[in-house]
Structures are given as structure tokens and as C-alpha cells.
Amino acid sequence: MPARTGQEYIDELKNRPREVWIRGERVDDVTTHPGLKNGVKAVAALYDMQHDPTLREEMTFASPSTGDPVGLSFQIPRTADDLMRKREMMSRWAWASCGMMGRSPDFMNSIFTAWAGSADYFAQDRPEFKKNVLNYHEFLRENDVTLTHALVNLQRSRTPASADNLTEEVALTAVKQTDAGLVVRGSRVLATLGPISDEIAIYPVASHRLADDDWKHSFSFSIPCDTPGVKFLCRESLDQGRSHFDHPLGSRFEEMDTVVFFDNVLVPWERVFLLGNVELCNNYGTGTMSNSHTGYQVLNRCLVKTEFMLGLADLIVETLGSGSIPHIQEQVAELITYRDMMRACLRAAEADARPNQYGMLCPAMGPIQAGRTLFGRTLYPRMIEIIQLLGTSSLMALPAEADFESGIAPEVNHYLATDSTDAWERSKLFHLAWDASCSSFSGRQVLYERMFGGNPVRNAMMLFSNYDKEPFRQQVRAFLNADD
Ligand SMILES: Cc1cc2nc3c(=O)[nH]c(=O)nc-3n(C[C@H](O)[C@H](O)[C@H](O)COP(=O)(O)OP(=O)(O)OC[C@H]3O[C@@H](n4cnc5c(N)ncnc54)[C@H](O)[C@@H]3O)c2cc1C
């Protein structure tokens, strides 16, 4: 089947109801639920881009199985040109949500594409797991499947230890093996896009390393979201049913985060990719270089998001007429620096890309790690702060769309115009600035960027342990030991 249309994505969600709970209510149809439907529309719009005659070439490639055009994020990159094409395609999708949808499907597609490109890694566990990975990748590609994943186990306590405190009643646990497959029970966080995906992938997260004997929590698999026993519990929706004018981001890009419960769920053997091998489970990210490919997608989206924040900041300055104030210039200049730094990381990752042992071209991890870490920990929270500092009271002096149709409209139109902009355009812009920096939608964005790539503290601990610092130590020793 060629790349999907948005309507085909929506029809599949409708035809395969899954167990989704939101604020005490079991959701009948995720495509019409007020808290979820606009996120569905946003994902559908991404799929439709693959059929836009002006973009089709850019968004797809010829399927190795059928020759039909299929989503480009499923292509295993072999050349620098392959990577460039991917970047263009991923940027298109990232711009469609101003970088606000971390789970545009290319994120998960990048993982399984990298796994398929390194499928021999899985054969080290069992030969049939390689076949499972390759077949699954083909299934995803040929059906343009939308995926979510949930990697982190819920824990009852968090005493510092090298491994998690996983208890069988809480963490997702392999409880039985049958002729039909593996049976799992427990819970995982946090499946973003879960209720509106077709499939859910489960595997360990690199930052939460499994203990040497923890074979009961060592597995990797993927199953349909409507598999019996899989239950999604949503947080409150950030789409409050307002207009695009009032909530320009929240009314469009709610990708929903969920806790997932597994009530004795059967995973068919053909959907199992790793089982019981702690070492392979702990090291799949570097072993397959899937961390390089997802990191590349993330860095690309973060660059788009930085450019969006820069554009937003500059429009705020223009609208308020504050561009001649030195500290305002300094704040916008800071955003320019962030943009150029993020771009430099992306370009460096491409320039230093190397084939891995399986012949798949992999963007360099150093610049990816640097860009991702800085973005989530420092740059993005600071970007939000800058938008707040630039916008100040205009982020609150914010008439709703309805105010322009009401008895207070004359005052709104008169008093809220600026030298460069009428009240309507000013309010439209500042609703966007508010939704990017002050609303509950924006709060979740900051948390997402900080945490979605795994616990940053644990990631830093891993970097500290694994990074080859010896060449730099040697330089210092040489200086200390120099005679003159
Ligand atoms: C908006 C959002 C979306 C997300 N989407 C996804 C998704 O789609 N799929 C997915 O798999 N995950 C997702 N995540 C989950 C993310 O991977 C986890 O939040 C992250 O790995 C941290 O785990 P935790 O929340 O359990 O942290 P906790 O373990 O609850 O940590 C709480 C605090 O304790 C500290 N801490 C706890 N244990 C340790 C330790 N052993 N060593 C050092 N510090 C420790 C942490 O630093 C933190 O400050 C998402 C998270 C967010 C916020």
C-alpha cells in the first residue's frame, strides 16, 4: 500500500477502537472526542502532505517491496544524500506543528528503520528476532503505521541505585511464555500519542539500565493499541475547545500523554524483538545506532522550534515597537545565537556521519547529544523566558476572539492597536505568544523537552561514564609535566 492519506489514518483509528480513559470517561471514538480529535487532525494533515502534488516527491521514496511511494522516514539511509532528503522531509513535518508535536510519526519511524538497518543486532539474541524486526519494519512502511512507545516502568520508590527498583506488581513484567507468545503484565509511562496511534512499541530506555539478572523486564516488542488488555489513561487534555485565535497551539497540537496498563497482554512471537537478554536490551541504542537516528529527528525538530521562537520574538518586537531598546535587541540576539548553535549541531552530525557496522549511515552522536541536552535543559526554558520578557503585559492584555464581536469591541480596537498593528492582529499574535510561553500547553512543552529523552540526570551520568575524556586529560598532564 502506498503512503497513507490523513483520511486513511482516521478511518483506521475509528475501525479499531482501543481502551482509552480520560477524566473518568471511557472514550468511544478517539477521532471525535473533544480532547483528542484535533491532535488526530494534526497527524492526519501530516499524512496528507505525502499526497500533495508539490511535496510528494520530497516526502516519499519508492518502496523496495512494491515500488509504490512510501514515507521517506522509513528509508534506511546509506548515503549523505539520503540523510539530506530525510532532513528536508522531517523539517516539513516539524514546521507543520511549529516543532510542537514531538511525536510526528517520523520519530518512531526512525527507531524501527534504524533497527531494520541493524537487524543483525537482534539475531544475537535469537535468529528469528532479526526476521521479526525486518518483517515489522516492512509492515510499518507498507501500511504507514502510526506508533507510540512507553519505555519507563512505574516505580514504587526511587532509592538511588544503579538499576531501577522494579517490582512485579508495578513494572511491566514478562509473566508467562506460551505457544502463542509472551504474556506481559504491569504498567509503563508515558505513551505520548498513545490513544491516537495504531501500535505501541515497548522496549527498555537506555537511561534506566536493567540489572544483570533482570531478565523478567528485558524485552522488546510491538503490538496494536487495540490488543485486549492494553489500557491508556490520559492526562487532562490541553485542548480546551477554544478557537484557533484564542488557543492557536493547544487547539491544534494536543498529542496526549498516557500511562499504559497491561492486563495479561499476549504478545505474538512474531512481534517480539528481544527477550531475556539484559545486555542486548541495555545496549540496543548504541548497538543499532537507533539513538543516532531518533536524535537526528529530534535535533531537526528542535531547530525548527528554535526558528519558530525566533520568528515569534521578532514579531513581538515589531508589534510593540520595542526594537530600538538595547536589552530587547540582546534578547533577540540570544535567540539568534541559539538558532545558529542548533543548526551547527545538526550540520556537524551530518558532516561527521559514518556507516555503522551494518552499513547504515548514522549521524554523529556527539553533536546530537550536545544539541539535544542543551536544548531541553537550558535553551528551550530560556526561550520561553525570553518570550515572556519581550511580551510582558501584552501576554495578559489579551482580548478573546469573542471580545471583538461584543459591546467592548470599540475599546478593544481603539486601545489595543499599536503604531504598527491593529488590535486584531496584535491579539492574534499575542495569543500565540501566550500559548507558546504561558499556557498549560506551553508548560507541558517545557516538561516534554526536559524529560522525553529519558531522565536528564541519568543521561548525564551515562555521558560522564562513557565519554572518552582521556585525550584531554593527557593534554593537561603534558602541560603539568612540561619543563618550561
Ligand atoms: C511530556 C512527557 C512526555 C513523555 N513521553 C514519553 C513517551 O512517549 N514514551 C516514553 O517512553 N517516555 C516518555 N516520557 C517519559 C520520560 O521518559 C520519563 O519522564 C523520564 O525518563 C524520567 O522518568 P520518570 O518520569 O519516571 O522520572 P522519575 O523516576 O519519577 O524521577 C523523579 C526525580 O527523581 C530523580 N531520580 C529518580 N531516580 C533516579 C536515579 N536512579 N538516578 C538519578 N536520578 C533519579 C530524577 O532525576 C527526577 O528528578 C515522557 C515524559 C514527559 C514529561
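The following dialogue concerns a predicted model and proceeds from its domains to its strands.

Trainee: Into which domains is the chain divided, and what distance separates their centres?

Mentor: The chain is divided into domain 1, residues 6-285, and domain 2, residues 289-479. Taken over C-alpha atoms, the centres of domain 1 and domain 2 are separated by 25 Å.

Trainee: How many residues of each domain are in contact with the other domain, and which class supplies the most residues on the side of domain 1?

Mentor: In domain 1, 40 residues are in contact with 39 residues of domain 2. Helices H4 (80-96), H5 (106-117) and H8 (278-288) each supply at least two residues of the side of domain 1 that touches domain 2. This side has 6 charged, 14 polar and 20 nonpolar residues, and the class with the highest count is therefore nonpolar.

Trainee: Where does the ligand lie with respect to the two domains?

Mentor: The ligand is surrounded by 21 residues, and the closest are Leu151, Leu190, Thr192, Tyr448 and Met451. Both domain 1 and domain 2 give residues to this shell, so the ligand lies between them.

Trainee: Which helix gives the most residues to the shell around the ligand?

Mentor: By class, the shell has 13 nonpolar, 4 polar and 4 charged residues. The elements that give two or more residues to the shell are helix H14 (440-451) and helix H15 (456-466). With 4 residues, the element that gives the most is H14.

Trainee: Which helix gives the most residues to the largest nonpolar core, and where does this core lie?

Mentor: The largest nonpolar core has 118 residues, and those touching the most other members are Ile200, Leu274, Leu299, Leu312, Ile387 and Ala433. Helix H9 (residues 290-320) gives the most to this core, with 12 residues. Domain 1 and domain 2 both give residues to the core, so it lies between them.

Trainee: With which residues is isoleucine 387 in contact, leaving aside its neighbours within four places in sequence?

Mentor: Isoleucine 387 is one of the core residues that touch the most other members. Leaving aside its neighbours within four places in sequence, isoleucine 387 is in contact with Met309, Leu312, Ala313, Ala433, Ala436 and Ser437.

Trainee: Is alanine 351 buried or exposed?

Mentor: Alanine 351 lies in helix H10 (residues 326-351). A residue counts as exposed if 12 or fewer other C-beta atoms lie within 10 Å of its own. Alanine 351 has 11 such atoms within 10 Å, so this residue is exposed.

Trainee: Why is strand S10 largely enclosed by the rest of the structure?

Mentor: Strand S9 (residues 199-202) pairs with S10 in the antiparallel sense over 4 bridges, and isoleucine 202 has phenylalanine 221 in S10 as its bridge partner. S10 also pairs in the antiparallel sense with strand S13 (residues 272-275), over 3 bridges; here the bridge partner of serine 220 is leucine 274. Strand S10 (residues 219-224) is largely enclosed because, of its 6 residues, the number buried is 5.

Trainee: How many bridges join strand S8 to strand S12, and how many join strand S11 to S12?

Mentor: Glycine 181 stands opposite proline 268 in S12, while valine 230 stands opposite phenylalanine 262 in S12. Strand S8 (residues 181-189) and strand S12 (residues 258-268) pair in the antiparallel sense over 7 bridges. Strand S11 (residues 230-234) and S12 also run antiparallel, and the bridges joining them number 5.

Key
Residues are numbered from 1 along each chain as its sequence is written. This is a predicted model: local features need pLDDT of at least 70, side-chain atom pairs count only at pLDDT 80 or more; totals for chains, interfaces and linings use all residues. Domain bounds come from an automatic or database domain assignment. Two residues are in contact if their C-beta atoms, placed from the backbone, lie within 7 Å. A residue is near a molecule or strand if its C-beta atom, placed from the backbone, lies within 6 Å of it. A nonpolar core is a set of buried Ala, Val, Leu, Ile, Met, Phe, Trp, Tyr and Cys residues joined through C-beta atoms within 7 Å. A residue is buried if 20 or more other C-beta atoms lie within 10 Å of its own, exposed if 12 or fewer, and partly exposed in between; C-beta atoms are placed from the backbone. Two strands pair if DSSP finds at least two bridges between them.
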